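Work through the exercises below with the model open beside you, and try each task before you read its solution.

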Amino acid sequence: MSETPAARSVYLLVHAHPDDETLATAAVLVVLRAQGRPGYVLTATRGEQGEVVAGTLDRYPSGTTLTAVREAELAAATAVLGVQGHAYLGQPPARAAGRQPRIYQDSGMRWVTPTQAGPSGDAGPQALTSAPPEEVAADIAAYAAAVGATDLVSYDADGGYGHPDHVLLHQATAVVADRLGLRFWVIESEPGEAVEWYDAAAYRSAVAAAHRAYATQFTVDGDTITHVGGQQQPVVVATGLRQVRR
């Protein structure tokens, strides 16, 4: 029996910070795994500007950096979600040929309204948003080619809630999709006629375990997530993707 187009699909999810792949697309990743469709994750930064849940860093040996903790949390979450492979933007194979490896840092943000973010105003020279857009796009393209991606996934044009790193990655991923002739999907929180819906209710335990991996980022109590700033949201077990290219 010949393979269906879906069976040949290779999805690459492009995210800004550790925990974004879980908060935004845990349902997508576990459903892809269950369907036998490879799902890869590319993370742009280590979330260096993120706040920390009080006392959680005390669990680590003295001198452990926040970057190392974020990397360990991300590794644990992607493992439980069944991610086929992961890379950091700027590090081979997610680095354009002929360029020395680099680290893109979290650009930071500030809350403009209770639900909408904006630039922090103090992004450093190594921040993702300080990098030339073409360099970011070239690195995404390098990893897409390395894993044989057929479908790219990232945030909508607003970055979901306005975080500047999210907005930039939407723009860069769209450029790569056009350049390589790949399908491009944006993340949607509500079902709709043009939305491909991923219901992970049957895999709730894996989704919850991925969230619990991020102890320094937020706390999980049953089906509720509480962020450092006190914002609460449910653990999302169903997510949609809307195709915006091809």
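**Exercise 1: an aromatic pair**

Phe218 is buried, because its relative accessible area is 2%, and buried means under 20% relative accessible area, exposed over 50% and partly exposed in between, with a 1.4 Å probe and protein chains only. This is a predicted model, in which local features need pLDDT of at least 70, side-chain atom pairs count only at pLDDT 80 or more, and totals for chains, interfaces and linings use all residues. Residues are numbered from 1 along each chain as its sequence is written, and side-chain values use heavy atoms, with hydrogens and water left out.

Task: find which kind of aromatic pair Tyr214 and Phe218 form.

Solution. Begin with the rule: rings of Phe, Tyr and Trp (its six-membered ring) pair if their centres lie within 6.5 Å, and planes under 30 degrees apart count as stacked, over 60 as edge-to-face and the rest as tilted. The structure holds three aromatic pairs. In the one formed by Tyr214 and Phe218, the centres are 6.1 Å apart and the planes make an angle of 45°, so the pair is tilted. Tyr214 is also buried, because its relative accessible area is 0%.

**Exercise 2: the length and cover of helix 4**

Task: compare the expected span of helix 4 with the distance between its end C-alpha atoms, and then state which elements cover its buried residues.

Solution. Helices (H or I, at least four residues) and strands (E, at least two) are DSSP runs, numbered from the N terminus. The expected span is 1.5 Å times one less than the number of residues, so the 15 residues of helix 4 (residues 133-147) should span 21 Å, which agrees with the 22 Å between the end C-alpha atoms. Next, consider burial: eleven of the 15 residues are buried, and helix 4 is mostly covered. Among the buried residues are Glu135, Asp139 and Tyr143. With contact taken as heavy atoms within 4.5 Å, the cover includes strand 1 (11-15), strand 2 (39-43), strand 3 (85-88), strand 6 (151-154) and helix 5 (164-180). Helix 4 is followed by Gly148, with a positive phi near 70°.

**Exercise 3: two helices that pack**

Task: describe how helix 2 and helix 3 pack, and at what angle.

Solution. Axes are lines fitted to C-alpha atoms, for helices over the stretch in contact, and angles run from 0 to 180 degrees between N-to-C directions. On that basis helix 2 (residues 20-35) and helix 3 (residues 66-80) pack at about 30°, and their axes are 9 Å apart. From helix 2, Glu21, Thr22 and Arg33 take part, and they meet Leu74, Ala77, Thr78 and Val80 of helix 3. Both helices are also among the elements that cover the buried residues of helix 6, which include Val207 and His211.

**Exercise 4: backbone features in two loops**

Task: identify what marks the backbone at Asp19 and between Pro92 and Pro93.

Solution. As background, most residues other than glycine have a negative phi, and most peptide bonds are trans. Asp19, although not a glycine, has a positive phi, near 100°. Its place is the loop between strand 1 and helix 2, and Asp19 is buried, with a relative accessible area of 10%. The peptide bond from Pro92 to Pro93 is cis, and its omega is near 5°. Pro93 belongs to the loop between strand 3 and strand 4 (110-111).
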